[in-house]
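Hello,

Here is the structure I said I would pass on. My notes on the sheet, the helices and the core follow below it.

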Amino acid sequence: MARSIPPTDVLITLMGSPHESERVTSALRLVQALLEQGRAVQVWACGYATLLTQNPLGEDKPRNLANWNGVYPSTAALVKDMLETFPGRLYWYGCRFCSDDRGAADHLPQVVMRPPSGYGANVAAAGRTLQVGVL
């Protein structure tokens, strides 16, 4: 039986390498802003973006040489915090094929892994779709 995708206002699809530009940071800020406005949001991570929600990333990024005493949350910690702060309004999906292909198997428990063939159901459940990354 196919998984039911909750209806959302927006689907944001993250594709490509997460740290090659500011796209992921901008997308995460957009997700948070939409949630703070009361919107329901789903995120579909594809390609290397599936690495964003890996448990091994831990809570914090490695130390920054430019600010040795600064503490910065990892992307997994940011996503986990948003999922816990906005239950029932934020849904995070990962492409199972892309994740398996990259050896990324240990995701946050709230992340739902779906086959690429399921992406159409996510699009159909969203009022609007935004693609962020490579095409």
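Strand 2 and strand 3 pair in the parallel sense, with 5 bridges between them. In this pairing Trp 44 has Tyr 93 of strand 3 opposite. Please keep in mind that the model is predicted.

On the other side of the pairing list, strand 1 and strand 2 also run parallel and are joined by 5 bridges. Here Thr 13 is the residue that stands opposite Trp 44 of strand 2. These pairings belong to an open sheet of 5 strands, in the order 4-3-2-1-5, with parallel pairing. The edges are taken by strand 4 (112-114) and strand 5 (126-132); each has a single partner strand, so one side of each has no neighbour in the sheet. On average, neighbouring strands are turned by 25° against each other, direction ignored.

Strand 3 is largely enclosed by the rest of the structure, because 5 of its 6 residues are buried.

For the edge, I looked at Met 113, which is found in strand 4. Is Met 113 buried or partly exposed? Its relative accessible area is 21%, and buried would require under 20%, so Met 113 counts as partly exposed. Leaving out residues up to four places away in sequence, Met 113 touches Gly 94, Cys 95, Arg 96, Ser 99 and His 107. Its C-alpha atom is separated by 9.4 Å from that of Ala 45, with the two positions 68 residues apart along the chain counted as their separation.

Next, the helices. Helix 1 lies across strand 1, strand 2, strand 3 and strand 5, and runs at about 170° to strand 1. Two packed helices are described by the angle between their axes and the distance between the axes. For helix 1 and helix 2, the axes come within 11 Å and cross at roughly 10°. That crossing angle makes helix 1 roughly parallel to helix 2. Helix 1 contributes Leu 28, Val 31, Gln 32 and Leu 35 to the contact, and helix 2 contributes Leu 78, Val 79 and Met 82. Sorted by class, the contact has 6 nonpolar residues, 1 polar residue and no charged ones.

Within helix 2, the buried residues are Thr 75, Ala 76, Ala 77, Val 79, Met 82 and Leu 83. Helix 1 and strand 3 are among the elements that cover them.

Last, the core. The largest nonpolar core has 24 residues, and those touching the most other members are Ile 12, Leu 14, Val 31, Val 41, Leu 90 and Trp 92. Two or more residues each come from strand 1 (8-14), helix 1 (23-36), strand 2 (41-45), helix 2 (75-85) and strand 3 (90-95). Which element gives the most to this core? Helix 1 does, with 6 residues.

Ile 12 shows how these parts meet. Neighbours within four places in sequence aside, Ile 12 is in contact with Leu 30, Val 31, Leu 34, Val 41, Gln 42, Val 43, Trp 44, Leu 130 and Val 132. There is also a second, separate core of 9 residues, including Leu 11, Cys 46, Tyr 93 and Ala 125.

Regards

How values were computed:
Residues numbered from 1 in each chain as written. Predicted model: local features only at pLDDT ≥ 70, side-chain atom pairs only at ≥ 80, totals over all residues. Heavy atoms only, no water. Core = buried A, V, L, I, M, F, W, Y, C linked by side-chain atoms within 4.5 Å. Buried < 20%, exposed > 50% of the residue type's maximum accessible area, 1.4 Å probe, protein only. Helix = DSSP H or I, 4+ residues; strand = E, 2+ residues; numbered from the N terminus. Contact = heavy atoms within 4.5 Å. Axes fitted to C-alpha atoms, helices over the stretch in contact; angles between N-to-C directions. Parallel < 35°, antiparallel > 145°, perpendicular 65-115°, else oblique. Nonpolar A, V, L, I, M, F, W, Y, C, P; charged D, E, K, R; others polar. Pairing = 2+ DSSP bridges.
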